[in-house]
Each structure stands twice: as structure tokens, then as C-alpha cells.
Amino acid sequence: LAENVTFAADRINNRLEGLEAAVPEGTYMLFINCSGWCEKHGKTIEDFLRACWKVGVAVQDGRMFHGPCHVRMNVALPAARVKEAFRRIEEYVIDSI
């Protein structure tokens with residue numbers, strides 16, 4: 001799981017413009033700040049959530065965890081699935097607007 005967390009946080013912070021995530025301590029749930037992406041594209045967190053789900057990437061609304069423009073993502077799954085999820089986010093969500 002540590003490799004998945006490291007991969008995901010690195011991908012978010014270095015390749016996905018407008019998204020930010022800290023490496024979580026002792027968990028496999030990422031808390032992703034989408035504020036930059038939403039502001040740049042004139043979108044809401046609902047738009048981001050919907051775009052992820054539309055391409056088969058399950059994320060959870062982060063507002064219930066006090067993140068006004070955040071999503072939570074579980075990376076406790078096979079590494080190939082984590083990599084595929086980020087490929088889809090990069091190709092169909094981040095770069096599609």
C-alpha cells in the first residue's frame with residue numbers, strides 16, 4: 001500500500017495540474033484538494049466528482065470531511081488499478097476541459 005500511496009501522491013502533485021495531496025500517515029485514503037482545477041476551469045467539486053465517476057474512477061466527496069473542494073480516494077487496491085485510475089483522470093478529466 002505504501003507504494004500506491006507514494007505513486008498517487010507523486011502523480012497528483014507533479015502531473016495533475018490544479019490538484020494537491022499530502023502523503024497520508026498510516027492510511028490508504030488520499031485527501032485531494034481540487035481547488036486549483038475547479039478555479040481554472042470554472043467548475044465545481046460536483047463537476048470533478050461527476051467527471052471521475054463517468055470514466056470509472058470512484059472518488060468520495062470530501063466536503064463531509066471538511067474539505068470544501070476536496071475528494072477522497074482509496075488506493076488500497078492492486079497497483080495496476082491505481083495506475084489505470086490515474087491514467088483515466090489525467091486523460092479524461094484533467095486534460096479534457
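**Entry 1. Arg 11**

I take a residue as buried when its relative accessible area is under 20%. I applied this cut-off to Arg 11 in a model that is predicted. Arg 11 has a relative accessibility of 14%, and I therefore entered this residue as buried. I located Arg 11 in helix α1. I then listed its contacts, leaving aside neighbours within four places in sequence, and found Leu 16, Phe 86 and Glu 90.

**Entry 2. Helices α1 and α4**

I next looked up how α1 packs on α4. Two packed helices are described by the angle between their axes and the distance between the axes. Helix α1 covers residues 2-15 and helix α4 covers residues 79-94. I noted an angle of about 15 degrees, with the axes 10 Å apart. Angles under 35 degrees count as roughly parallel, and α1 and α4 are therefore described in that way. I recorded their crossing as right-handed.

I then asked which residues of α1 and α4 meet. From α1 I listed Asn 4, Phe 7, Ala 8, Arg 11, Ile 12 and Arg 15. From α4 I listed Ala 79, Val 82, Lys 83, Phe 86 and Glu 90. By class, the residues of this contact are six nonpolar, one polar and four charged.

**Entry 3. Aromatic pairs**

How many aromatic pairs does the structure hold? I found two. A pair of aromatic rings is described by the distance of the centres and the angle of the planes.

I began with Phe 7 and Phe 86. Their ring centres are 6.1 Å apart and their planes stand at 80 degrees, so I classed the pair as edge-to-face. Phe 7 belongs to helix α1 and Phe 86 to helix α4, so this pair ties together parts that are 79 residues apart in sequence. Phe 86 has 1% relative accessibility and therefore counts as buried.

I turned next to Trp 37 and Phe 48. This aromatic pair is also edge-to-face, with 5.2 Å from centre to centre and 70 degrees between the planes. I placed Trp 37 in helix α2 (residues 35-41) and Phe 48 in helix α3 (residues 45-54), so the pair ties together parts that are eleven residues apart in sequence. Are Trp 37 and Phe 48 buried or exposed? I entered both as buried.

**Entry 4. Helices α3 and α4**

I examined α3 against α4 in the same terms. Their axes lie 10 Å apart, and the packing angle is about 125 degrees. I therefore described α3 and α4 as oblique to each other. The crossing of α3 past α4 is right-handed.

I noted Phe 48, Ala 51 and Cys 52 on the α3 side of the contact, and Ile 89, Val 93 and Ile 94 on the α4 side. The contact of α3 with α4 has six nonpolar residues, with no polar and no charged ones.

**Entry 5. Leu 19**

I found Leu 19 in the loop between α1 and β1 (20-21). Its relative accessible area is 6%, and I therefore recorded Leu 19 as buried. Which residues does Leu 19 touch, not counting those up to four places away in sequence? I listed Ile 12, Asn 13, Ile 32, Asn 33, Cys 34, Trp 37, Phe 48 and Ile 94. Trp 37 and Phe 48 in this list are the aromatic pair of Entry 3. I also looked up Gly 36, which is 17 residues from Leu 19 in sequence and 6.2 Å from Leu 19 in space, C-alpha to C-alpha.

**Entry 6. Phe 31 and His 66**

I located Phe 31 in strand β2 (residues 29-33). With a relative accessible area of 33%, Phe 31 is partly exposed. Not counting residues up to four places away in sequence, Phe 31 touches Glu 20, Ala 21, Gly 62, Phe 65, His 66, Gly 67, His 70, Val 71 and Arg 72. I noted a C-alpha separation of 21 Å between Phe 31 and Glu 91, which are 60 residues apart along the chain.

I followed one of these contacts, His 66, to the loop between β3 (60-61) and β4 (70-74). I recorded a relative accessible area of 76% for His 66, which is therefore exposed. Most residues other than glycine have a negative phi. Phi of His 66 is near 70 degrees, a positive value.

**Entry 7. Glu 84**

I closed with Glu 84, which lies in helix α4. At 27% relative accessibility, Glu 84 counts as partly exposed. I noted that Glu 84 and Gly 56 are 28 residues apart along the chain, with their C-alpha atoms separated by 9.9 Å.

Key
Residues are numbered from 1 along each chain as its sequence is written. This is a predicted model: local features need pLDDT of at least 70, side-chain atom pairs count only at pLDDT 80 or more; totals for chains, interfaces and linings use all residues. Side-chain values use heavy atoms; hydrogens and water are left out. Axes are lines fitted to C-alpha atoms, for helices over the stretch in contact, and angles run from 0 to 180 degrees between N-to-C directions. Helices (H or I, at least four residues) and strands (E, at least two) are DSSP runs, numbered from the N terminus. Angles under 35 degrees count as roughly parallel, over 145 as roughly antiparallel, 65 to 115 as roughly perpendicular and the rest as oblique. A crossing is left-handed if the near helix is turned anticlockwise from the far one by less than a right angle, and right-handed if clockwise. Contact means heavy atoms within 4.5 Å. Ala, Val, Leu, Ile, Met, Phe, Trp, Tyr, Cys and Pro count as nonpolar, Asp, Glu, Lys and Arg as charged, and the others, Gly among them, as polar. Rings of Phe, Tyr and Trp (its six-membered ring) pair if their centres lie within 6.5 Å; planes under 30 degrees apart count as stacked, over 60 as edge-to-face and the rest as tilted. Buried means under 20% relative accessible area, exposed over 50%, partly exposed in between (1.4 Å probe, protein chains only).
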